[in-house]
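Please open the model in your viewer and keep the selection panel at hand. The stops that follow concern charged side chains and the pairs they form.

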Amino acid sequence: LLHVCAKSLLLYSKCLELDPNHHFALMNRAMPSLGTDPAALQELRRAMKIHPTEISVYRWVAAHLAEEGPQFVPQALQLLEQATKIAPSNYEVHFVFGQIYLRQNNYDASLEH
């Protein structure tokens, strides 16, 4: 399995050599190192700017920020609010909302999502 992941990362890197603005390659190259490499978060933010309607990147970044600490929760919630404006019924976004509120013991807000 590790060799498949390594090969995928290599292919995403090659794709980015050909098209540095390929949002899908940016997202998928960054995801495995999110939390261990600060550049990964920057790549995800770049992917968000390139393709602002790609909901999964909002979810990934918001979930990561919420895990980084309570000081990042407002930023995570803001990203999720932006995502709901793009895709109001996206279950993944609402799931992350619910997880964040649950960690805060805000059960009513968690149940809303």
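For this tour, a residue counts as buried when its relative accessible area is under 20%, as exposed when that area is over 50%, and as partly exposed in between. With those limits, glutamate 92 is partly exposed, because its relative accessible area is 24%. Bear in mind throughout that this is a predicted model.

Side chains of opposite charge can pair when their charged atoms come close. How many salt bridges does the structure hold? There are three, and the tour visits each in turn.

**First stop: glutamate 92 and arginine 59**

Keep glutamate 92 selected and add arginine 59, with which glutamate 92 forms a salt bridge whose closest N and O atoms are 3.3 Å apart. The two partners come from distant parts of the chain, since glutamate 92 belongs to helix H6 (residues 91-103) and arginine 59 to helix H4 (residues 55-68), a separation of 33 residues. Arginine 59, at 18% relative accessibility, counts as buried, whereas glutamate 92 is partly exposed.

**Second stop: glutamate 67 and arginine 103**

Now select glutamate 67 together with arginine 103, whose side chains meet in a salt bridge at 3.0 Å, N to O. This pair again links distant parts of the chain, with glutamate 67 in helix H4 and arginine 103 in helix H6, 36 residues apart. Is glutamate 67 buried or exposed? Glutamate 67 is exposed, its relative accessible area being 58%, while arginine 103, at 45% relative accessibility, counts as partly exposed.

**Third stop: glutamate 43 and arginine 29**

Finally, move to glutamate 43, which has its place in helix H3, and show arginine 29 alongside. Glutamate 43 forms a salt bridge with arginine 29, and the closest N and O atoms of the two lie 2.2 Å apart. Because glutamate 43 lies in helix H3 (residues 38-50) and arginine 29 in helix H2 (residues 23-30), the pair ties together parts that are 14 residues apart in sequence.

Colour the two residues by accessibility, if your viewer allows. Glutamate 43 counts as buried, with 17% relative accessibility, whereas arginine 29 is partly exposed, with a relative accessible area of 26%.

Before leaving, display the surroundings of glutamate 43. Which residues does glutamate 43 touch, not counting residues up to four places away in sequence? With that exclusion, glutamate 43 touches Leu26, Arg29 and Ala30, so that the salt-bridge partner in helix H2 appears among these contacts.

Terms used:
Residues numbered from 1 in each chain as written. Predicted model: local features only at pLDDT ≥ 70, side-chain atom pairs only at ≥ 80, totals over all residues. Heavy atoms only, no water. Salt bridge = Lys/Arg side-chain N within 4 Å of Asp/Glu carboxyl O. Helix = DSSP H or I, 4+ residues; strand = E, 2+ residues; numbered from the N terminus. Buried < 20%, exposed > 50% of the residue type's maximum accessible area, 1.4 Å probe, protein only. Contact = heavy atoms within 4.5 Å.
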